[in-house]
Amino acid sequence: MDIERLGNGLAFLKEAERLKSVLRTAYTTTGRQEDTASHTWRLCLMAMTFERELAPLDMTRVLKLCVLHDLGEAIHGDQPAVAQNGDKNAQERTDLLTVMAPLDEALRLEFLSLWEDYEQGITREARLVKGLDKLETILQHSQGDNPPDFDYAFNLTYGLEQTDAEPVLTMLRTLVDGETQRRIDGGQ
């Protein structure tokens, strides 16, 4: 066992802890602004919940993709979909490398490869996680105690390309869009 590697791992985890303080535009059902770490947790739970419907797939890879997909937001925060610009991925990649700096090269490269797979949608697992990521966001918006001026209609078109990638994602999208439509119509 390498004590230096363990210490470097702890230093990385201390950097990654920043994600717990990164706020998103969604609100919980109690009105607390959602943080990115909470989004990531429920994305993992979502993947586990629908594992049978998504099979066959490498579930370990799916969970790794879920955990790492927003880690680059730990430094400069989350950019809401309505405000994203072309520099988002480049900035997140740079910030991800900063957060991962304490890790040994092999682990850094593994994590970076997973993150790049997610960003580019290379594997089926990455494309599924990308779709689930959009669905988790929309689901949170549809159930959260959002401000009165929240734009629910945006969610009806948000992430369609990713959620049309697989039949199960399309079916989930139909259910989640129904929740969004109820919010638009004034229901809870």
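**Exercise 1. A salt bridge between two helices**

In this predicted model, which residue's side chain meets that of R61 in a salt bridge, and at what N to O distance? Work out where the two partners lie and how far each is covered.

*Solution.* The partner of R61 is D117, and the two side chains meet in a salt bridge at 2.7 Å, N to O. Placing the residues comes next: R61 belongs to helix α4 and D117 to helix α7, so this pair ties together parts of the chain that are 56 residues apart in sequence. For the degree of cover, the cut-off needed is that a residue counts as buried under 20% relative accessible area and as exposed over 50%. With a relative accessible area of 25%, R61 is therefore partly exposed, whereas D117, at 2%, counts as buried.

**Exercise 2. Salt bridges elsewhere in the model**

State how many salt bridges the structure holds, and then examine the pairs D70 with R24 and R173 with D177.

*Solution.* The structure holds twelve salt bridges. One of them joins the side chains of D70 and R24, with 3.8 Å from N to O. Because D70 sits in the loop between α4 (59–68) and α5 while R24 sits in strand β1 (residues 23–27), the pair ties together parts that are 46 residues apart in sequence. Both D70 and R24 are buried.

The side chains of R173 and D177 also meet in a salt bridge, here at 2.9 Å, N to O. These two residues are four apart in helix α10 (residues 167–184), which means that about one helical turn separates them. Both R173 and D177 are buried. As a last step, follow the shared partners: salt bridges of this kind join R24, E34 and D70 into one network.

**Exercise 3. The length and the buried side of α6**

Compare the expected span of helix α6 with the distance between its end C-alpha atoms, then find which of its residues are buried and what covers them.

*Solution.* Helix α6 runs over residues 88–100, which makes 13 residues. The expected span is 1.5 Å times one less than the number of residues, which gives 18 Å, and the end C-alpha atoms are indeed 18 Å apart, so the two values agree. The buried residues of α6 are K88, E92, D95, L96, V99 and M100. Around the helix axis they cover an arc of only 130 degrees, and they therefore lie on the same side of α6. The elements covering these buried residues include α1 (3–16), α5 (73–76) and α7 (105–120).

**Exercise 4. A surface patch, a cis bond and a loop**

Describe the nonpolar surface patch that contains L6, the peptide bond from A55 to P56, and the position of D151 relative to I184.

*Solution.* The patch is formed by M1, I3 and L6, which together have about 440 Å² of accessible area. Of these residues, L6 is located in helix α1, and its relative accessible area of 40% makes L6 partly exposed.

For the second part, the bond from A55 to P56 is cis, its omega being near 0 degrees, and P56 is found in the loop between α3 (51–54) and α4. As background, most peptide bonds are trans.

For the third part, D151 lies in the loop between α8 (124–143) and α9 (160–163), where D151 is partly exposed, with a relative accessible area of 45%. Although D151 and I184 are 33 residues apart in sequence, the distance between their C-alpha atoms is 8.6 Å.

Technical notes: Residues are numbered from 1 along each chain as its sequence is written. This is a predicted model: local features need pLDDT of at least 70, side-chain atom pairs count only at pLDDT 80 or more; totals for chains, interfaces and linings use all residues. Side-chain values use heavy atoms; hydrogens and water are left out. Buried means under 20% relative accessible area, exposed over 50%, partly exposed in between (1.4 Å probe, protein chains only). The arc is that of the directions from the helix axis to the C-beta atoms. Contact means heavy atoms within 4.5 Å. Patches are made of residues with over 30% relative accessible area and no salt bridge: like charges are joined within 9 Å, nonpolar side chains (Val, Leu, Ile, Met, Phe, Trp, Tyr) within 5 Å. Accessible areas come from the Shrake-Rupley method with a 1.4 Å probe; for residues, only the protein chains shown count as cover. A salt bridge is a side-chain nitrogen of Lys or Arg within 4 Å of a carboxyl oxygen of Asp or Glu.
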